Amino acid sequence: MKIQGKMFIWLSVFILAMAIVYGVWSKEPAGTTALFLAFGLAIMIGFYLGFTAKRVDVGAQDDKEADVADDAGEIGFFSPHSWQPLSLAIGGAFAFLSIAIGWWLMFFSAPLMLIGLWGWVFEYYRGENRTQ
């Protein structure tokens, strides 16, 4: 994590320099604001990664002598059979379609998205998968 934190800190320094140069040369407020916001996001991520790297064990990515296999292992748990993302995707598609067709379509997409989100969050709190 130390390496990633340093990379984001250096990226934020670069973005800040480019934001200043862009703002002075172009005098265009939207792009300058976007670059300063990108600087803020990069510095927050870099600070978080650097802050967290001090409190966790050293990972294989911070060891110059590490092999690829040193970082192998379980990454996390991913639900292999969930239908909830489909409901979220259909609801999101209808929500974006409502911009083109009419805002009345949002009344049909919002319940689909809420049902999908609720089901995805609480998927392993009920039913046959409750013990996983």
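A surface patch here is made of residues with over 30% relative accessible area and no salt bridge, and like charges are joined within 9 Å. Keep that in mind as you work through this predicted model.

**Exercise 1. Find the residues that make up the patch of positive charge, then place Lys54 and say whether it is buried or exposed.**

Step 1: Start with the members. Lys2, Lys6, Lys54, Arg55 and Lys64 come together as a positively charged patch on the surface.

Step 2: Pick one of them and find its spot. Lys54 sits in the loop between helix 2 and helix 3.

Step 3: Check its cover. Lys54 has 68% relative accessibility, so it counts as exposed.

**Exercise 2. Now do it for the negative patch: list its residues and describe Asp70.**

Step 1: The negative patch on the surface consists of Asp63, Glu65, Asp67, Asp70 and Asp71.

Step 2: Look for Asp70 in the loop that runs between helix 2 (29–53) and helix 3 (84–101).

Step 3: Exposed means over 50% relative accessible area. Asp70 comes in at 49%, and therefore counts as partly exposed.

**Exercise 3. Compare the UniProt "transmembrane region" annotation with the fold of the chain over residues 7–25 and 31–51.**

Step 1: Get the ranges. The unreviewed UniProt entry puts this annotation on residues 7–25, 31–51 and 88–121.

Step 2: Take residues 7–25. That stretch is 100% helix and 0% strand, with 27 Å between its end C-alpha atoms.

Step 3: Move on to residues 31–51. Here the chain is again 100% helix and 0% strand, and the end C-alpha atoms are 30 Å apart.

**Exercise 4. What stands out about the phi angle of Lys27, and where does this residue lie?**

Step 1: Phi of Lys27 is near 55°, which is a positive value in a residue that isn't glycine.

Step 2: As for location, Lys27 belongs to the loop between helix 1 (2–26) and helix 2.

Step 3: Lys27 is exposed, because its relative accessibility is 67%.

**Exercise 5. Work out which helices supply the nonpolar surface patch, and which gives the most.**

Step 1: Name the members. Trp83, Leu86, Ile90, Phe94, Leu97, Ile101, Trp104, Phe107 and Phe108 form the patch, and together they have about 1000 Å² of accessible area.

Step 2: Sort them by helix. At least two residues come from each of helix 3 and helix 4 (106–121).

Step 3: Name the main supplier. With five residues, helix 3 gives the most.

Step 4: Zoom in on Phe94, a residue of helix 3. Its relative accessible area is 34%, so Phe94 counts as partly exposed.

**Exercise 6. Take two pairs of residues, Trp103 with Tyr48 and Pro85 with Glu123, and give the separation of their C-alpha atoms.**

Step 1: Place Trp103. You'll find it in the loop between helix 3 and helix 4, and it is exposed because its relative accessible area is 57%.

Step 2: Trp103 and Tyr48 are 55 residues apart along the chain, and 39 Å separates their C-alpha atoms.

Step 3: Place Pro85. It's part of helix 3, and its 32% relative accessibility is why it counts as partly exposed.

Step 4: Pro85 and Glu123 are 38 residues apart along the chain, with 11 Å between their C-alpha atoms.

Conventions. Residues numbered from 1 in each chain as written. Predicted model: local features only at pLDDT ≥ 70, side-chain atom pairs only at ≥ 80, totals over all residues. Heavy atoms only, no water. Patch = residues over 30% accessible without salt bridge, like charges linked within 9 Å, V, L, I, M, F, W, Y side chains within 5 Å. Areas by Shrake-Rupley, 256 points an atom, 1.4 Å probe, with all protein chains shown as cover. Salt bridge = Lys/Arg side-chain N within 4 Å of Asp/Glu carboxyl O. Lys, Arg positive; Asp, Glu negative; His and termini not counted. Charge placed at Lys NZ, Arg CZ, Asp CG, Glu CD. Helix = DSSP H or I, 4+ residues; strand = E, 2+ residues; numbered from the N terminus. Buried < 20%, exposed > 50% of the residue type's maximum accessible area, 1.4 Å probe, protein only. UniProt positions renumbered as here; feature names shortened; annotations may be inferred.
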